[in-house]
Amino acid sequence: MNSTNPRSRRQIILIVVAVFGGLILLSALIFMLLLNRLQSDGTRTSVSHPASKYEYMTTRASNGFELHSLKSLPSNVTLELIDNNVTLSDYYGINGGFFFEGDLLSIAVVNGHPIAGNKKEYGSGNENVKYSRGTLTWDGASDKLSVQVVAKAAELKVTDPNRFWAQGGISMGIGRDDSWEQQAVLENAPFPEENRLRSAMVYDKRGMIYLIVSSTKGTLADYRDAILETVGDGQLVDGIFLDGDGSSQLQAAETVLPGDNRPVVQMIRLIN
């Protein structure tokens, strides 16, 4: 004989239906959030701090390098600590300089302050660790750009030490075709002869900044040639190579490039 009365049975059924309904609703909400986060082509549809004051370009050089560039004013650029993949951050921009685990190995300074700690801390962004390296610097007071080869941020020459940003990398030596490779060797450019993803930051005679990430692999020399051929209409002045390979990452409204999906410590961010 079944001792369960009809009312108890109905209550059990209602509880089971409610639980399963709740699970289905939760799954649907998670799916919708993920769908809203990523379009079918991989581009982000929603970030907390999107930018619009930039120009996106994609070009393919004669040597096969495909480049993706974000062009903007240097006043619209800053350096951001993210400890994440650029494409999972809430900003538009590209990856920054070199790092190991959680320590920055390249200068990353905004308005006199390293972005990952105080000036005396190792890995804070206050120095190009072990080597004097090309550091792209925007002097906010004079609105001038330069590449300065320094070991520490204190060596940088700027008009106002409280109004500038500086990103360390490897000197690109634009305009110095006969000596740039020797300088890159002195600055210990990693894996110059290997086919790897590449990233860089350059500027032109009009004072515009270009943040450039490749979606194809190649040598450092071929990447440089591709930039000179396709970016800046022959008006480029100088620039630096940034961290590369799996760290070569870009996020914009038009596309995302996650590299090998690894997290990076910092990025070069578009503000507006």
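Student: Which residue is the bridge partner of Val110 in strand 11?
Tutor: Keep in mind that we're looking at a predicted model. Strand 7 covers residues 108-110 and runs antiparallel to strand 11, residues 164-168, with three bridges joining them. In strand 11, the partner of Val110 is Trp165.

Student: Which strands sit at the edges of the open sheet with the order 8-7-11-9-10?
Tutor: That sheet has five strands, with antiparallel pairing. An edge strand here pairs on one side only. That gives us strand 8 (113-114) and strand 10 (144-150).

Student: Is Asn128 buried or exposed?
Tutor: Asn128 lies in the loop between strand 8 and strand 9. Its contacts include Leu105, Ile107 and Val150. Buried means under 20% relative accessible area. Asn128 has just 1%, so it's buried.

Student: With which side chain does the side chain of Asn128 make a polar contact?
Tutor: Among the residues Asn128 touches are Arg133, Thr135 and Gly168. The polar contact spans 3.0 Å, and the partner is the side chain of Thr135.

Student: What is the relative accessible area of Lys130?
Tutor: Lys130 is in the loop between strand 8 and strand 9. It has a positive phi of about 80 degrees, although it is not a glycine. Exposed means over 50%, and Lys130 counts as exposed because its relative accessible area is 76%.

Student: Where is Asp233 found?
Tutor: Asp233 is a residue other than glycine with a positive phi, near 50 degrees. Asp233 counts as exposed, at 68% relative accessibility. You'll find Asp233 in the loop between helix 3 (220-230) and strand 15 (236-241).

Terms used:
Residues are numbered from 1 along each chain as its sequence is written. This is a predicted model: local features need pLDDT of at least 70, side-chain atom pairs count only at pLDDT 80 or more; totals for chains, interfaces and linings use all residues. Side-chain values use heavy atoms; hydrogens and water are left out. Two strands pair if DSSP finds at least two bridges between them. Helices (H or I, at least four residues) and strands (E, at least two) are DSSP runs, numbered from the N terminus. Buried means under 20% relative accessible area, exposed over 50%, partly exposed in between (1.4 Å probe, protein chains only). A polar contact is a pair of N or O atoms within 3.5 Å; within protein, one must be able to donate a hydrogen and the other to accept it, and residues adjacent in sequence count only if both atoms are side-chain atoms. Contact means heavy atoms within 4.5 Å. Lists of a residue's contacts leave out its neighbours within four places in sequence.
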